[in-house]
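Visitor: I would like a close look at a single part of this assembly, followed outward into the surfaces around it. Please take me through it at a careful pace.

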Amino acid sequence: MINRRLFLSAAAAMAMTVSACSGGAGGNGNGIVLTNVSYDPTRELYQAINPAFATYWKQKTGKDVTFRMSHGGSGKQGRAIIDGLEADVATLALAYDIDQIAARAKLLPADWQKALPDNSSPYTSTIVFLVRKGNPKGIKDWNDLVRPGVQVITPNPKTGGGARWNFLAAWAYGRKAGGSDAAAEDYVRKLFANVPVLDSGARGATTTFVERGIGDVLLTWENEALLAEKEMGKGKFQIVTPSLSILAEPAVAVVTENAKKHGTQDAADAYLRYLYTPEAQTAIAHAFYRPRDAKVAEQFRSQFPAIPMVTIDKDFGGWGAAQKRFFDDGGVFDRITAKK
Amino acid sequence: MSRTLSRAKSWRQPSVLPGFGLTFGVTLAWLTLIVLVPLASIFIRSAGMGWSEFVAVGFSDRALAAYRVSFGTAAAAGLVNAVSGLLVAWVLVRYAFPGKRVISALVDLPFALPTAVAGIALTALYAPTGWLGQFLEPLGLKVAFTPVGIVVALVFIGLPFVVRSVEPVLADLGRDVEEAAATLGATRLQTFRRVIVPAIAPALLTGFALAFARGVGEYGSVIFIAGNMPGKTEIAPLLIVTQLEQYAYAGATAIATVMMLASFLILLVINLIQAASRRRMGA
Amino acid sequence: MSRPRSTTEGRLTQIVLIVLALAFLGVFLLLPLIVVFSEALKQGLGPFLDAVHTPDALAAIKLTLLIAAISVPLNMVFGVAASWAITKFHFPGKSLLITLIDLPFSVSPVVSGLIFVLLFGAQGWFGPWLAAHDLKIIFAVPGIVLATVFITFPFVARELIPLMMEQGKDDEEAAVSLGANGWQVFRHVTLPNIRWGLLYGVLLCNARAMGEFGAVSVVSGHIRGLTNTMPLHVEILYNEYDFVGAFAVASLLALLALVTLVAKTILEWRFDLHHTGAGH
């Protein structure tokens, strides 16, 4: 009998632990909630900007605004919005992912990129090299990356948005140095032959390089490199700026249909416009993104050296064309990594 | 068991026990709702793409290489687990040693630890700078970012399946058979081979099958330690993710369909072998 | 431990086998666990507790427990029903049925999330209907529950089927012949026989329900403090380079599972003590 009681009390105890912890998430009484669906490296950025905007909005309208943040790989987040994640604003790594939301779910107009200044891209970045302190392999530019014995860490462009910028920057260099697309393809083929690990995303690659100690050079966003150099591994890494790079333009947009449904259109629009204000632009620079505002950029000039940059629209014919040519099945990336 | 007495024309053989309708109904309903209908969506989605396109995606060189990696490493890990899982189960059931109960609880850890955490922890151990990696690297043994790393992760994921399948059977195995064998002059090894192994073989097979099946689909832990190089350490579930990144849902479901059919057939064959062996033993 | 010599191994063989087994478990299970705890406690207990105490972490813990509290009982009922039907009756296609129950083990977690998106996502079969009725499944609690139920579907049944097959149905048949009805048979004959197996299956199911990452990641939407479960919160912290926080939450998950498993072991042990000699 004792055992049955023991058994039952154990079961009851389990049930109680479990039921004691139910109860939904707290809702917000009055005021509005904005859901911002973003990609991985913007956490620090929006952690700084959201409270500032909430104060600004309260002053301006007297209304409270709170935020729900969702972070993940850019493509995965784009898909989530398409599949019904009710984002009021999308702040993703690639305009391509927002294009897909417009094309597949019709949640915002196809010409969304004209809604805000600077291609709806309030902050930019570029691709740089992160090397170990003292630059033991003497890496100065792209051509050093294809030397035998140099290990390059870059994520898989088929699964990571940031990795696509890396690939295109390398391609741009290869084309400029060799003078042709064939030379460019040869260059990236050699480059990826030097890659020992293809992580699925930018943050995974940084961890591989910084925490696991693998590789001689990490190809990454400038903001990630600065974060790693200044915060994660203070004094253990340094940044090398290549002779040519690419202007990475993360894009932001109001997901109009969702915002309409939630009645958050005004706040969502104001939120994204707020990103262009000097205060937000300063926060952007502090989060190691390149600000668009000329005055703020001037203040942070030492942090962001001038680099000649290609752009996705001018040099690659926009994301749709680049995605198809380089990263879709049977594209350039598949070709250069296929076994011969 | 004299069931032949009343072999009526009924679909199932009659039994005095009640509750077949209720329990079978609940089983079928829940199975349909949770497993069959959702999985059907995969088949239907991939069927929508046409046969040639299906083959182009589901059987591309890259996909074939990924299946080889996935099924190969899962089989290797399954074998490792069959041997070491049997050893662990044997020791836990047959021998007494201090701390046995805690260790027994530890075996289930891989079920509980999120797979991503397992992957990160294993990578931290086996990376060239890791606790174990730094000793293995000078010996020329590379684990992290090679197929061996995938096997290590899958061994971790699959171990409880084997131990927990074999353990109860081993515990229930009557000592009298072994004693009989011993009185007849069999050595311990002979007894093990001729008496014990045949008795636990079905359970061991189940354990292997479950560990294998789980390993084929595993993503979270493998992704950290694999290195993900196309053709070498790229697993099939990663290809599904790659297809999704291109917004190619149909392509993703094509690869998923191939994997699922293969796993299903392997599991079915193993369950049929088991049922047959049980019938033979029970007869 | 006083058996005839020839039905057990020499002490030396025993020791060798024990050492081998422990070494294997040490390398493959204990070391990863130690890594998790040592990373979590790298900077001492303070940061560990802080990481577990943030509102987001607490929300994730609550959500994880809620999800487990919904999915585990569902699969428990199913598991008992399925094992009863499969082990107490003879019918054709039984192997097929068992294989179908096993199937979720073999489906990649990536796919197990995807199937529910294909069904209930905005572009899925039921998407438009759900949207029209303002019902949310994907990127909300129901979707996470569905994915978790799918992932943990086989655990209880898989634990009970071999056990009940082994026990046969003589006891139940005897009870019926004595006039017991179905519920009485189950309650007084079957349940006492299977309670440990059932408890164990439920614990494993629960552990897996709390630890599932891949499938849940697809259907969650990753909204902080709202749809993030503990494993997803671990990933988020890890991606924020907050390694202490990530491993702290991860070790909490491991602890939750270990505590339940150790509790089960202790219960079982006390049960054994009371029943020495009366074992089956």
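Guide: In this predicted model, the side chain of Arg62(B) reaches across to chain A, where it makes a polar contact with the side chain of Asp334(A) at 2.6 Å. Arg62(B) belongs to helix 3 of chain B, which covers residues 61–94. Because its relative accessibility is 17%, and the cut-off for a buried residue is under 20%, Arg62(B) counts as buried. Once neighbours within four places in sequence are set aside, the residues in contact with Arg62(B) come from two chains: Lys158(A), Phe333(A), Asp334(A) and Thr337(A) on one hand, and Pro230(B), Glu234(B) and Leu239(B) on the other.

From this residue one can step back to the interface of chain B and chain A, in which 24 residues of chain B are in contact with 33 residues of chain A. The two chains bury about 2,300 Å² between them, and carbon and sulfur atoms account for 50% of that area. On the side of chain B, the residues that lose the most area to chain A are Glu245(B), Gln246(B) and Tyr247(B), which together make up 34% of what that side buries.

As for charged pairs, the rule finds three salt bridges across the interface of chain B and chain A. Glu245(B) forms a salt bridge with Arg79(A), with 3.4 Å between the closest N and O atoms. Across this interface there are also 11 residue pairs in polar contact, counted where both residues have pLDDT 80 or more. Helix 6 (115–126) and helix 12 (236–245) of chain B each supply at least two residues to the side that touches chain A, and helix 12 of chain B gives the most, with six residues. Sorted by class, that side of chain B has 13 nonpolar, eight polar and three charged residues.

It helps to place these elements within chain B as a whole, which has 13 helices and zero strands. The C-alpha atoms of chain B fill a box of roughly 60 × 55 × 30 Å along the principal axes. Of the 283 residues of chain B, 58% count as buried. Taking the contacts in chain B between residues at least 6 apart in sequence, one finds that 73% join residues at least 24 apart.

A second residue of chain B leads toward chain C: Pro114(B), which is found in the loop between helix 5 (109–112) and helix 6 of chain B. Pro114(B) is buried, because its relative accessible area is 0%. Its C-alpha atom is separated by 8.4 Å from that of Ser221(B), although the two residues are 107 residues apart along the chain. Not counting residues up to four places away in sequence, Pro114(B) touches Gly211(C), Pro231(C) and Leu253(C).

Those contacts open onto the interface of chain C and chain B, to which chain C contributes 96 residues and chain B contributes 98 residues. The area buried between these two chains is about 8,900 Å², with 79% of it given by carbon and sulfur atoms. Leu29(C), Phe89(C) and His90(C) supply 7% of the area that chain C buries against chain B, which is more than any other three residues supply. Across the interface of chain C and chain B the rule finds zero salt bridges, while eight residue pairs are in polar contact, again with both residues at pLDDT 80 or more. Helix 1 of chain C (residues 11–40) gives the most to the side of chain C that touches chain B, with 20 residues. By class, this side of chain C has 69 nonpolar, 15 polar and 12 charged residues.

Finally, the confidence of the prediction should be kept in view. The model scores ipTM 0.86 and pTM 0.88. The mean pLDDT of chain C is 87, with 94% of its residues at 70 or more. Confidence in chain C is highest in helix 7 (residues 141–152), at 95, and lowest in helix 13 (residues 243–274), at a mean of 81. Over residues 1–5 of chain C the pLDDT is below 50, and this stretch has six contacts in the model beyond near neighbours in sequence. Over residues 276–280 of chain C the pLDDT is also below 50, and that stretch has one contact beyond near neighbours in sequence.

Note on methods: Residues numbered from 1 in each chain as written. Chains lettered and ligands numbered in written order. Heavy atoms only, no water. Helix = DSSP H or I, 4+ residues; strand = E, 2+ residues; numbered from the N terminus. Buried < 20%, exposed > 50% of the residue type's maximum accessible area, 1.4 Å probe, protein only. Polar contact = N/O pair within 3.5 Å; in protein donor to acceptor, adjacent residues only side chain to side chain. Contact = heavy atoms within 4.5 Å. Buried area = accessible area lost by both parts, 1.4 Å probe. Salt bridge = Lys/Arg side-chain N within 4 Å of Asp/Glu carboxyl O. Nonpolar A, V, L, I, M, F, W, Y, C, P; charged D, E, K, R; others polar. pLDDT = per-residue confidence, 0-100.
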